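Dear colleague,

I am handing over the structure that follows, and below it I have written down what was found in it, so that you can read the notes with the model open beside them.

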Amino acid sequence: MIRKLFDVPRRILAGLAALATLAAVIMLSAMTDSTMQPLPASAPTAEFSAERALAHLKRFAAEPRPIGSAARDRARDYLAARLRAAGLQVEVQRSVGARSAAGLATFGQVDNIVGRLPGTDSTGTVLIAAHYDSAAMGAGASDDGAAVAAMIEAVRALRSGADPRNDIVLLMSDGEEDGVLGAEAFVREHPLGRTGGVLLNWEARGTSGPSLMFETSRDNARLVETFVDAVPAPRGDSSMVEMYRLLPNNTDFAPLTKAGFTGMNFAYIERSSLYHTAGDTIANLDRGSMQHHGANMLALARSLGNADLRTLTSDHDVTYFRALGTVITYPGVVVWPLAALSVLAVAGLALFARARRLLSLPRLTVAAVSAVVPLLASAALAQGLWELLVAVRPAYDTMGGLLHRPRPYQAAVVVLSALAVLGWYLPLRRRLGPAALAVGALTWPAALGVLCARFAPGAAFLFTLPALMCALGALAALLLPTSAWARVAAAALGPITAAMLLPSLAGNAFDGMGLALGGVSALVLALFGLTLLPIVELFLTDPGSRPKRGVVVAVPLTAAVLTASLVGTGLVTDTFGADRPQRTHLAYVMDADTRVAHWVSADTDPAEWTMRYVSGHDTAALPPGYARGTLWTGPAPAITADGPRATVIAYDGRTLKLHVTAGRGARSVTLRLDRPITRATVAAGRFGSVGVPVSGTRAGTWPAEIRFRGIPASGVQITVRLPGSPASDRIRVTAIAETDGFSAVPGFLPRPAGLIAATREDGDLVAITRGYTLTSALARRT
């Protein structure tokens, strides 16, 4: 019972034809998932033009604009003026936003821009949202300037026709980069944030690629239907929705939907090596990505703006995905039947093959269990490749796997995944038989389909459909008594289905998570490889004959040569330069009392420029509570700076109340405490007050931290609640005032071309510190 599922004459030619078909399907799928062509400024007024939007982007996104900065203020004024010019009712909501994480409370003085276009016969609100602040280390042309500029152009095009039926509200939020602070303040304090409606949120996690609808609120059936019908180029699928719901990522979408909005979240994610860096510039922005964002935004604004929003409610999610350019959707109630059908089809194939004496049940069982080996091996090989790359080029570590030119390395992962599958298949085909291995391999996508049906229904199609079509195709190939080519075509139905779905999933994982988590993509590729076994078998001889030694050696040797060649190509082509910068972290830290200053870097292997400033790992001289993780340090000249001030208003061992100022020119202040906290509250005068609960502790530093971004010159009042009854009521506090850039540091030489600031939040900051030791009986500063 060591036989093939089927055999045909001229099998090599048939195999080549099948592979060519699969390659064509993969390429066509990639082409149909591309972005849009940008329209020029001369495009009709009713259409969205990326070039017209770009003119606005150039006015406010040429420099970093973090919360509380002067550049943020200039962007705010320009954007508010453009919305007023478009005829919207505009206000700037000034408030304090807040969020908490493990051991951390973050606050910020935010300026949200809220524009409203009243509907002619409103059935609800369509909220279009994007954030206009940027990360401190980059201009944020894509994240999220492109979406904000698209809002201005979209509302212009929208107003070129009749006003919509429903209220259109544009929210250009502030403080998203520091923890969705603006969106949190909007839903907590603004009347429009509490009325609910339909939300369209726009983001970017790269500088190019199609605009993907990657997240929805729960019960999305009617929303997805609207999306598919309205937009000119729908991209994304329900597996992204499921994956994003499982990840700890956060955008303005989270607080807005938590407050009652239903909606969709959009982003482009390619060329993510420039995300949150100085490389996120207008020059690096793909105009097609902006066009795709804006065209979809305008289409949805028109569709939802004139719909009866009361009819958009639903009680279930839908599965949706693209296959060769066509969007396929089906309701959630179909997920379990399809998953069950795929299991039954695989079981039916196994029983029929057993009846034909192509396999035995013991061999099938061993084949099914052992098929986990290539899945795990492919993931392990990909992760091992990443560790090797980091060892050879340590600067990759600071990029989190999001490399500038990753294609050769990604191709190496493909080769390693193929090696894992063939390394399992070829040795076992003589012992277990090709039929047992091919059928046993299908148990894994079928089982994953069932698992997803239970925990992530929107992703089940990725595994259920390939397993189902592979099983049905193989059954058809066994039953067809006619043309050998017809049997090959039937057997190829499953691999073709897998080729439409799994390579694009692996590509999205590469774009979204990078090579640092390349094992995810490798596992998907290995799963794809398991569906190809009947096609692979067309190239192999009788399974009963012992393979030649040369063939046994050729497969791993070829894989090793290809992998080495691709890695070498990657190391040669993915070099750092002005257009492909290397990241490096540097901060300046000075104790305001002792006027002792240090340079600090968190780089594992600092660049030559960084080594001008740091020379060792001695952190003992740094201010108490400042160090976080392993750091390089070096002496620095003292500067003239006010530094932070923390005046104790009250402290009784359980509650600490301080008035904190950052000093002249500082944008933000951070407090680090050597005891955990359970709640933090700030009062910022006319900007309001807010508190958040805090649980857990910070890792690698003192257990608690409080940040206030965009702190008013007059300071803020911070109240901290401490847990329990400690053995001592003594508490140490380090206050850190933060200013962007090193222009005030004597002798500082800017980074050369090819180096940019790393994404760590304390990079490129001048940090002036003061330490305080307090007891309930006596509050004194040391």
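Asp642 counts as partly exposed, at 32% relative accessibility, and the residue that Asp642 meets in a salt bridge is Arg664, with the closest N and O atoms 3.3 Å apart. This pair links distant parts of the chain, since Arg664 lies in the loop between strand S15 (655-661) and strand S16 (668-673), while Asp642 lies in the loop between strand S13 (632-636) and strand S14 (645-651), 22 residues apart. Arg664, for its part, is exposed, with a relative accessible area of 69%. Please keep in mind throughout that this is a predicted model.

The structure holds 33 salt bridges, and two others may be worth finding on your screen. One of them joins Arg76 and Asp111, whose closest N and O atoms are 2.5 Å apart; here Arg76 belongs to helix H3 (residues 70-85) and Asp111 to strand S2 (residues 104-117), and the two are 35 residues apart. Both partners are on the buried side of the cut-off, Arg76 with a relative accessible area of 10% and Asp111 with 2%. The other is formed by the side chains of Arg707 and Glu761, at 3.4 Å from N to O. Because Arg707 lies in strand S19 (residues 704-709) and Glu761 in the loop between strand S22 (755-757) and strand S23 (765-774), this salt bridge ties together parts that are 54 residues apart in sequence. Arg707 is buried, with a relative accessible area of 11%, whereas Glu761 counts as partly exposed at 33%. Salt bridges that share partners also build a network, which joins Arg72, Asp73, Arg76, Asp77, Arg94, Asp111 and Asp174, and the Arg76 and Asp111 pair described above therefore has both of its residues among the members listed there.

Turning to the aromatic rings, the count comes to 17 aromatic pairs. Among them is the pair of Trp609 and Phe748, which is edge-to-face, with 6.0 Å from centre to centre and 85° between the planes. This pair, too, links distant parts of the chain: Trp609 is in the loop between strand S12 (597-601) and S13, Phe748 is in the loop between strand S21 (731-740) and S22, and they are 139 residues apart. Trp609 counts as buried at 6% relative accessibility, and Phe748 is buried with a relative accessible area of 19%. Ring pairs also link Trp609 and Phe748 with Tyr588, Trp599, Tyr613 and Phe742 into a cluster.

Rings also meet charged groups in this model. The charged end of Arg454 sits over the ring of Phe455, 4.8 Å from the ring centre, and the charged end of Arg672 sits over the ring of Tyr626, 5.5 Å from the centre of that ring.

Why does the structure hold zero disulfides? For Cys452, the closest cysteine sulfur is that of Cys470, and at 16 Å it is too far for a bond; likewise, the closest cysteine sulfur to that of Cys470 is in Cys452, again 16 Å away and too far for a bond. Both cysteines are buried, Cys452 at 14% relative accessibility and Cys470 with a relative accessible area of 7%.

One further residue to look at is Ser273, which lies in the loop between strand S7 (262-268) and helix H9 (287-305). Ser273 is buried, with a relative accessible area of 1%, and, not counting residues up to four places away in sequence, Ser273 touches Met399, Leu402, Leu403, His404 and Arg583.

Finally, some remarks on the chain as a whole. Its secondary structure comes to 20 helices and 24 strands. The radius of gyration of the chain is 29 Å, which is close to the 28 Å that the globule rule gives for 782 residues, so the chain is as compact as a globular protein of that length. Along its principal axes, the C-alpha trace spans about 90 × 65 × 55 Å. Buried residues make up 56% of the 782 residues, and of the contacts in the chain with a separation of 6 or more, 81% are between residues 24 or more positions apart.

With best regards

Note on methods. Residues numbered from 1 in each chain as written. Predicted model: local features only at pLDDT ≥ 70, side-chain atom pairs only at ≥ 80, totals over all residues. Heavy atoms only, no water. Disulfide = S-S within 2.5 Å. Buried < 20%, exposed > 50% of the residue type's maximum accessible area, 1.4 Å probe, protein only. Salt bridge = Lys/Arg side-chain N within 4 Å of Asp/Glu carboxyl O. Helix = DSSP H or I, 4+ residues; strand = E, 2+ residues; numbered from the N terminus. Phe/Tyr/Trp six-rings, centres within 6.5 Å; stacked < 30°, edge-to-face > 60°. Lys NZ or Arg CZ within 6 Å of the ring centre and 35° of its normal. Contact = heavy atoms within 4.5 Å. Rg over C-alpha atoms; globule rule 2.2 N^0.38 Å.
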